[in-house]
Amino acid sequence: MVNQPAGFWIRFGASILDGLLLGLVGIIIAAILNFSETGQLIFDTIVQLGYLLILPVLWYGYTIGKRICGIRIVRMDGSNVGFGTMLLRVLVAGFVYVITLGIAYIVSAFMVGLRKDKRSIHDILANTYVTYQKADSNDNPYQIEN
């Protein structure tokens with residue numbers, strides 16, 4: 001059951017914050033290491049994937065932007081996300097968005113804005129939702145998924 005789902009604007013705001021943070025880190029590291037344009041693109045992709053795949057697993061469903069906004073990703077049963085869940089949410093859904101030339105991404109934005117449960121395509125694929133519900137201090141971020 002979906003508990004306190006987060007809607008479009010708060011999720012959008014969290015994504016903007018994450019993008020600004022990742023962009024700033026990328027610019028600083030690129031300046032220090034003097035990457036080529038291709039090297040910068042590869043580095044940015046690796047950092048972004050690592051951030052989106054690993055941080056929510058280690059930090060109870062939060063990214064830095066989501067934490068600032070007071071929202072987090074959880075599984076439909078209310079448990080914490082695991083690595084497999086995040087792979088589905090980020091990589092598989094990303095593939096769907098790419099092969100539909102971004103149309104599915106736009107549809108997802110409307111789904112979050114219009115659906116009662118506020119779930120997007122990547123939420124449905126990964127069996128997750130984004131909630132305002134705080135992480136329980138007894139939650140174990142290193143749980144193994146079934």
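When two helices pack, the axes here are lines fitted to C-alpha atoms over the stretch in contact, and the angle between them runs from 0 to 180 degrees between N-to-C directions. Keep that in mind, since we'll come to a helix pair shortly. What you have on screen is a predicted model.

Let's start with the whole chain. The protein chain has 6 helices and 2 strands. Walk along the sequence and you meet them in the pattern α-α-α-β-α-α-α-β. The radius of gyration is 16 Å, close to the 15 Å that the globule rule gives for 146 residues, so the chain is as compact as a globular protein of that length. If you want a feel for its dimensions, the C-alpha trace spans about 50 × 35 × 30 Å along its principal axes.

Now to that helix pair. Two packed helices are described by the angle between their axes and the distance between the axes. For helix α2 (residues 37-58) and helix α4 (residues 83-99), the angle is about 145 degrees and the axes sit 9 Å apart. Their crossing is right-handed.

Which residues of α2 and α4 meet? On the α2 side, look for L49, L52, L53, I54, P56 and V57; on the α4 side, they meet F83, M86, L87, V90 and L91. Sort that contact by class and you get 11 nonpolar residues, with no polar and no charged ones.

Next, have a look at the largest pocket, which has a volume of about 870 Å³. It is lined by 30 residues, and the closest to its centre are S15, L52, Y97, Y105 and H122. You've already met L52, as one of the α2 residues in the contact with α4.

Where does the lining come from? The elements that give two or more residues to it are α1 (8-33), α2, α4 and α5 (103-114). The largest share, 8 residues, comes from α1. By class, the lining has 17 nonpolar, 9 polar and 4 charged residues, whereas the contact of α2 with α4 has no polar and no charged residues.

Methods. Residues numbered from 1 in each chain as written. Predicted model: local features only at pLDDT ≥ 70, side-chain atom pairs only at ≥ 80, totals over all residues. Heavy atoms only, no water. Helix = DSSP H or I, 4+ residues; strand = E, 2+ residues; numbered from the N terminus. Left-handed = near helix turned anticlockwise from the far one by under 90°. Contact = heavy atoms within 4.5 Å. Nonpolar A, V, L, I, M, F, W, Y, C, P; charged D, E, K, R; others polar. 1 Å grid on protein atoms, 1.4 Å probe; cavity = no way out; pocket = protein on both sides within 12 Å on 5 of 7 lines; lining within 4 Å. Points joined across faces, edges and corners; volume = space filled by probe spheres on them. Rg over C-alpha atoms; globule rule 2.2 N^0.38 Å.
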